[in-house]
Amino acid sequence: MSDQDATSEQKSPAAAPERPAGPRPPRRGPGGGGGPFGGMGMPAEKAMNFGPSLRRIARYLGSERWRVAVVALMTVASVAAAVAGPKLLGSATNVIFDGVTSKMLAQYFPAGTTSAQAAQALRDQGQSTQAGLVESMKDLVVGHGVDFHKLAVIVGWVIAVYVASSVFQWIAGRVTTMVVQNTVRRLRDEVEAKLHRLPLSYFDKQARGEVLSRVTNDIDNVAQSMQQTLSQLINAVLTVVGVLVVMFWISPLLAVIALATVPVSVWLATAIAKRSQPQFIQQWASTGRLNAHIEEMFTGHTLVKVYGHQRSAIEDFDAENDGLYKASFKAQFMSGIIQPAMGFVGNLNYVLVAVVGGLKVATGQMSLGDVQAFIQYSRQFTQPLTQVASMMNLLQSGVASAERVFELLDADEQTPDPVPAAEVGPVRGRVAFEDVSFSYTPDAPLIEHLDLVVEPGQTVAIVGPTGAGKTTLVNLVMRFYDVDAGRITLDGVDTRDLTRADLRSNVGMVLQDTWVFKGTIEENLRYGIRDGRTVDEAEFLAATEATHVDGFVRTLPDGYATVLDDEGSSVSAGRSSSSRSPARSSRTRRSSSSTRRRARSTPAPSCSSRTP
């Protein structure tokens, strides 16, 4: 009987299903779409439940609330300093402009004339426009020139506020990194613990690449989205609010003009995003198909060469690669239009503010420094809006990835172990199936009313066609699945009354599939020893001799120190399979299961036994 039967049995049209009929990706090659990385590299699409998922992410930040408060406080301080900068620079411009104007007026008025006196004289001469401009310069004194001391003080304050803004922003960024990484670490811990509590049926219904994608790509995408949006989104929102307040303070008219372009910007960003979103979805889908094809070809490269499918594999790759190129080009081109479009609207806003502001300066309604500050504020106002628009797509992608992770965390877990659990005591090895019925899906019965007893010392072979349920019997003994009816006993104790760890520590299972871990042969042989148990050299060698491993290991140049890779290519497949046996043998020889596939098919499962 072979654990590989789980796949072959599922493919047999005449046999009952040996695996749940859950969704599986299409298998298009020797490796299949469900390889280790078959589903990786494909980011999540649009979130289905954005609001609830976002609130759930926010709950994960609850334990970091004081750090989040620090981020908010530092961001407020940084934005306040950044908003104060243009106003101070405007004051510096006014000092320079007043000084230059005072020198020019010295040609027409005596030195020491105040701005009010000069304005009145100009008004008497019928020059009302020039009089209004001069009158707006409250600190102007004809002939005094530029007040460099006052200018130096203002420049010093400008440098101080911008340095302070940068420092506060750096602190906010560092604390944000701590918040995000601590949150994602807890999320990874929860996912790791959840994977150990999930039943085998969950993994039967999911492709390996899909599970790996949720555990790696999706969690990384959540981390990236949180890192880029948490502080930046707060910064952008506060900047918009702060700049808007100062703009209305300087000139309500110019503020209304600046706000008039906001709906146009929002409409452009929304329209372009709607057109680019389908292209991104197509790009992600093409990326997933290309990754799946590459994984299949590399996993099954031997079969590809044996059957001469290299040209076909290359043609498939070229087709998928060309599809990804076209989808990526369209997606990136459409999304790349957003920035130039927003820049065009921003330039229109700049022209309107400059023209109206210039007229107000000429009539003395505003100072030149206020117009300069307002133009800077208008730039600061439109930039955060663009950032928020781009971050919403990033946030949407991050929440979609979070949903996929939450789906895994919310999956049904295996039934808990009984409390208190029964104990077997010294295991004799009597296994009994008593009126056992089981099916992977309710509408497809697989095993019905099976009675089977294996006495200690007996060797029993389960023989049957693909899909008859041979692997299922082993899965039921190991409690990878629980029976629907009846019971399975070990030395008269229902296996459901035992903890899974206790049950499996008394059963040895050797699969036909070879799987070894990277390390020495001895490290692989000792893999099954756990719970703090130590095995001395004599017991270890006794186990390897009993399982006929010691002989071939000693023929290797490095013996038990021979290093194996994760595919066991250093030794043959049969010897790799044998290298897993002593790990079980060193724990118990009372009850064991060895899976082998029968070359021929028989009408129904049967049992043959002999006493050694």
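**Exercise 1.** Which residue in E4 does Val431 stand opposite? Place this pair in its sheet.

*Solution.* The model is a predicted one.
Step 1. Val431 faces Leu490 in E4.
Step 2. Strand E1 covers residues 431-438 and strand E4 covers residues 485-490. The two run antiparallel and are joined by five bridges.
Step 3. Four strands make up the open sheet, and their order is E2-E1-E4-E5, with antiparallel pairing.
Step 4. Strand E2 (447-454) and strand E5 (493-494) are the edge strands, each pairing on one side only.
Step 5. Helix H15 (residues 470-477) packs on this sheet and touches E1, E2 and E4. The direction of helix H15 makes about 115° with that of E1.

**Exercise 2.** Is Arg500 buried or exposed? Describe its surroundings.

*Solution.*
Step 1. Find the element: Arg500 belongs to helix H16 (residues 500-505).
Step 2. Apply the cut-off: a residue counts as buried under 20% relative accessible area. The value for Arg500 is 6%, so Arg500 is buried.
Step 3. List the contacts. Leaving out residues up to four places away in sequence, Arg500 touches Gln414, Thr415, Pro416, Asp417, Arg479 and Asp482.
Step 4. Look at Thr415 again: its backbone oxygen is reached by the side chain of Arg500 at 2.6 Å.

**Exercise 3.** Which residues of the largest nonpolar core touch the most other members? Then find the helices that supply this core.

*Solution.*
Step 1. The largest nonpolar core has 27 residues, and those touching the most other members are Leu187, Val191, Phe406 and Leu409.
Step 2. Helix H2 (50-60), helix H6 (148-197), helix H8 (208-250) and helix H14 (368-409) each contribute at least two residues to this core.
Step 3. Take Phe406 as an example. Apart from its neighbours within four places in sequence, Phe406 is in contact with Ser53, Arg56, Ile57, Tyr60 and Leu187.
Step 4. A second core, separate from this one, has 26 residues; among them are Phe438, Tyr481, Leu498 and Met509.

**Exercise 4.** Which residues does UniProt list for "transmembrane region"? Check two of these spans against the model.

*Solution.*
Step 1. The unreviewed UniProt entry lists residues 66-85, 151-172, 233-250 and 256-273 under this name.
Step 2. Residues 151-172 are 100% helix and 0% strand, with end C-alpha atoms 32 Å apart.
Step 3. Residues 233-250 are likewise 100% helix and 0% strand, and their end C-alpha atoms lie 26 Å apart.

Terms used. Residues are numbered from 1 along each chain as its sequence is written. This is a predicted model: local features need pLDDT of at least 70, side-chain atom pairs count only at pLDDT 80 or more; totals for chains, interfaces and linings use all residues. Side-chain values use heavy atoms; hydrogens and water are left out. Two strands pair if DSSP finds at least two bridges between them. Contact means heavy atoms within 4.5 Å. Axes are lines fitted to C-alpha atoms, for helices over the stretch in contact, and angles run from 0 to 180 degrees between N-to-C directions. UniProt positions are given in the numbering used here, feature names are shortened, and annotations may be inferred rather than shown by experiment. A nonpolar core is a set of buried Ala, Val, Leu, Ile, Met, Phe, Trp, Tyr and Cys residues joined through side-chain atoms within 4.5 Å. Buried means under 20% relative accessible area, exposed over 50%, partly exposed in between (1.4 Å probe, protein chains only). A polar contact is a pair of N or O atoms within 3.5 Å; within protein, one must be able to donate a hydrogen and the other to accept it, and residues adjacent in sequence count only if both atoms are side-chain atoms.
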